[in-house]
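This report describes selected features of one structure, from the surroundings of its ligand to its helices and domains. The sequence and the model are shown first.

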Amino acid sequence: AFLPKVGIVGAGLIGRSWAMLFAAAGYRVSLYDSLEGAAEKALELILKQLTSLKEQDLLRGKCQHAEEQHALISAAHSLEDCVTNSVYVQECVPEDLELKRTVWRLIDYFVDDESVVLASSTSCIPSSKFSEDLKHRAQVLVAHPINPPYFVPLVEIVPASWTSPAIVEKARKMQTELGQSPVTLKKEVAGFALNRLQYPVLNECWNMVEQGLLSVEDVDRVVKDGLGPRYAFMGPFETIHLNAEGIRNYCERYGETIWDVSQTLGFVPKISASSSVCDKLEEDIQRKIPIDSLAERRQWRDEKLASLAKLRRSD
Ligand code: NAD
């Protein structure tokens, strides 16, 4: 049967994840990297990962064969080879505006159809910064994954003002089909949505340590044992709807308190490596997680996220 093709540009951490997600959904994936041999190396890593996921019963997709999913992914010989005839292209090159501009000019040159979704994985750069002068700019948007995308389903879809609504819809539909959980921002905004929530949390964590209110470990504990579990299955709006007799009742009961507490918030600290707060954070956290054990700890984190993903899927 004819399988639609997806082009992935950049075979690093995120490019490999996208390749696995699209293959799990039955797409043919063409993986391109400008570094000689990198796409072939990525294919080896992907096979190892798929095999290990299968062993742990974590493989995604209907076809439950690691080798068959792997066989859908191939290394592209050139960017042209990767982009041509694709129904969707996901760019995953490093976070550097000049590099994105260069790569997108090339992708634009090879796009052969008005209905191809052209998505960037960028964490922070609005696509208007690199798509304005492109012939196919109406097809370009951001599809921002959260690491590791295989286990964290959110994808932020962020169109530029000139992105076609039909392309936004198609991107959202395809992400849903992959089993990811897309949200659509109506327009570009700094930090998209996730970091607009994450940064205020981080700022307040920093403030509390700076004020000597809690230990570094206890601040992490507030999130991991309080907010984290609470938000693992529902967002803040559903949470407050359940925490009173409905959301209106919650606003009646707690609106004033939230306002009063919030008057004491809002101070935005300058997060900086030269701050004494950073010295303290580093000293404390390294006691638990020495800098030379980060790889091991990341592996542990991914395993935990994998079991959570499994639990959430069965929910
Ligand atoms: P990475 O460094 O792991 O991989 C980037 C790959 O792109 C490398 O293999 C590199 O050889 C390749 N590359 C460089 N120039 C290229 C070019 N001109 N053409 C083709 N390939 C080229 O980076 P990553 O972590 O996978 O990040 C990729 C993108 O995803 C970035 O925009 C990043 O902001 C975004 N992102 C990263 C994360 C994360 O946690 N790592 C999360 C969400 C989004």
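## Ligand shell, helices and domains

By class, the shell around the ligand comprises 13 nonpolar, nine polar and two charged residues. The model is a predicted one. In total, 24 residues surround the ligand, and the closest of them are Gly10, Gly12, Ile14, Ser34 and Asn147. Two or more residues of the shell are contributed by each of α1, α5 (97-110) and β6 (140-145). Helix α1 supplies the largest share, three residues.

Two helices may be set side by side with respect to their length.

| Helix | Residues | Number of residues | Expected span | Distance between end C-alpha atoms |
|---|---|---|---|---|
| α2 | 38-55 | 18 residues | 26 Å | 26 Å |
| α13 | 294-313 | 20 residues | 28 Å | 28 Å |

For α2, the expectation of 1.5 Å a residue agrees with the distance between the end C-alpha atoms. The corresponding values for α13 likewise agree.

Which residues of α2 are buried? They are Ala39, Ala42, Ile46 and Leu50. Viewed down the axis of α2, the buried residues fall within an arc of 70 degrees, so they line one face of the helix. An α-helix has 3.6 residues a turn, and therefore residues three or four places apart point the same way. The buried residues of α2 pack against α1 (13-24), β2 (28-32), α3 (66-71) and β3 (73-75). Helix α1 thus appears both in this packing and in the shell around the ligand. On the face of α2 turned away from its buried side, the exposed residues are Glu44, Leu45, Lys48, Ser52 and Glu55. After α2 comes Asp57, which has a positive phi, near 60 degrees.

Is α13 largely buried or in the open? The number of buried residues among the 20 of α13 is zero, so this helix lies largely in the open.

At the level of domains, the domain assignment of the protein gives domain 1 (5-184) and domain 2 (194-232 + 268-313). The centres of the two domains, taken over C-alpha atoms, are separated by 29 Å. How many residues of domain 1 are in contact with domain 2? Seven residues of domain 1 are in contact with six residues of domain 2. On the side of domain 1 that touches domain 2, six residues are nonpolar, none is polar and one is charged.

Methods
Residues numbered from 1 in each chain as written. Predicted model: local features only at pLDDT ≥ 70, side-chain atom pairs only at ≥ 80, totals over all residues. Helix = DSSP H or I, 4+ residues; strand = E, 2+ residues; numbered from the N terminus. Expected span 1.5 Å × (residues − 1). Buried ≥ 20, exposed ≤ 12 C-beta atoms within 10 Å, placed from the backbone. Arc of directions from axis to C-beta. Contact = placed C-beta atoms within 7 Å. Domains from an automatic or database assignment. Nonpolar A, V, L, I, M, F, W, Y, C, P; charged D, E, K, R; others polar. Near = placed C-beta within 6 Å.
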